[in-house]
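Trainee: Hi! Have you got a minute to go through this model with me?
Mentor: Sure, put it up and ask away.

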Amino acid sequence: MYRTTITTTEVIEDDNSVTQTSERCRREVQQHQHQMSMMCRSYIESGRGGTRLTLATNQGVPRQCCETLRQVRENCRCDSLNQMMEDVMSQRRRGGKYGGQEEEEEEAQMMVGRAENLPSECGFGPRHCQIRMGGMSA
């Protein structure tokens, strides 16, 4: 004779817990944003005219970029990368770095691809981030 016991656990997350996590991430993103932008921007912007193949074969993420990203809690890294990309794209638009709409979108997609895979290229999680670009689907 066999006996099976089933135990269920109910986890209740209140809005306060989610709010606290979001607030911690927001502070963490702000704390590391300048350094991350300095250390990772050249990698994100490198490889203009590159393809997905170039993205897949690690062109060498700067060590300082990975070290800075590693300082950000894993569940906050994508938020941090999103903020960095917003800053990069905003600066590029203000600086008139593009020749035309098509060139802008192509280059933006390349940079988004690099940013989305940056944690994986550095050898830690999350493996892939979803980068949200305002008015542009990545």
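**Around Met85**

Trainee: Let's start in the middle of things. Which residues does Met85 touch, not counting those up to four places away in sequence?
Mentor: Met85 touches Ile44, Met111, Val112, Ala115, Ile131 and Met133 on that count. Keep in mind that this is a predicted model.

Trainee: Okay. Which residues in the largest nonpolar core touch the most other members?
Mentor: Met85 is one of them, along with Ile44, Leu81, Leu118 and Ile131, in a core of 25 residues. The elements giving two or more residues to this core are H1, helix H3 (63–70), H4 and helix H5 (101–122).

Trainee: And which element gives the largest share of this core?
Mentor: That is H5, with 7 residues.

Trainee: Let me zoom out. How many helices and strands does the protein chain have?
Mentor: There are 5 helices and 0 strands, so to speak an α-α-α-α-α order from the N terminus on.

Trainee: What about burial and surface for the chain?
Mentor: Of its 138 residues, 36% count as buried. The accessible surface comes to about 9000 Å², and carbon and sulfur atoms hold 46% of that.

Trainee: Among contacts with a separation of 6 or more, what percentage is between residues 24 or more positions apart?
Mentor: Those account for 74% of such contacts in the protein chain.

Trainee: Back to H4. Which of its residues are buried?
Mentor: The buried ones are Arg77, Cys78, Ser80, Leu81, Asn82, Met84, Met85, Val88, Met89 and Arg92.

Trainee: What span should helix H4 have, at 1.5 Å a residue?
Mentor: H4 covers residues 77–94, which is 18 residues, so the expected span is 26 Å. The end C-alpha atoms are 26 Å apart, in agreement with that.

Trainee: Now Arg41, in helix H1 (residues 15–45). Is Arg41 buried or exposed?
Mentor: Arg41 counts as buried because its relative accessibility is 18%, and the cut-off for buried is under 20%.

Trainee: What does Arg41 touch, beyond residues up to four places away in sequence?
Mentor: Arg41 touches Met36, Val88, Gln91 and Arg92. Val88 and Arg92 are also among the buried residues of H4. The C-alpha atoms of Arg41 and Cys65 are 8.6 Å apart, with their positions 24 residues apart along the chain.

Trainee: I noticed Glu28 in helix H1 too. Buried or exposed?
Mentor: Glu28 is buried, at a relative accessible area of 10%. Leaving aside neighbours within four places in sequence, Glu28 is in contact with Gln71, Val72, Arg73 and Cys76.

Trainee: Next, where is Thr68 placed, and what is its relative accessible area?
Mentor: Thr68 is in helix H3, and its relative accessible area of 1% makes it buried.

Trainee: Which residues is Thr68 in contact with, leaving aside neighbours within four places in sequence?
Mentor: Thr68 is in contact with His32, Gln35, Met36 and Met39. Met36 is touched by Arg41 as well. For another position, Ser37 is 31 residues from Thr68 along the chain, and their C-alpha atoms are separated by 9.5 Å.

Trainee: Last topic, rings. How many aromatic pairs does the structure hold?
Mentor: The structure holds 0 aromatic pairs.

Trainee: Then what lies over the face of Tyr43?
Mentor: Arg114 does, at 4.6 Å from the ring centre.

How values were computed: Residues numbered from 1 in each chain as written. Predicted model: local features only at pLDDT ≥ 70, side-chain atom pairs only at ≥ 80, totals over all residues. Heavy atoms only, no water. Helix = DSSP H or I, 4+ residues; strand = E, 2+ residues; numbered from the N terminus. Expected span 1.5 Å × (residues − 1). Buried < 20%, exposed > 50% of the residue type's maximum accessible area, 1.4 Å probe, protein only. Contact = heavy atoms within 4.5 Å. Areas by Shrake-Rupley, 256 points an atom, 1.4 Å probe, with all protein chains shown as cover. Phe/Tyr/Trp six-rings, centres within 6.5 Å; stacked < 30°, edge-to-face > 60°. Lys NZ or Arg CZ within 6 Å of the ring centre and 35° of its normal. Core = buried A, V, L, I, M, F, W, Y, C linked by side-chain atoms within 4.5 Å.
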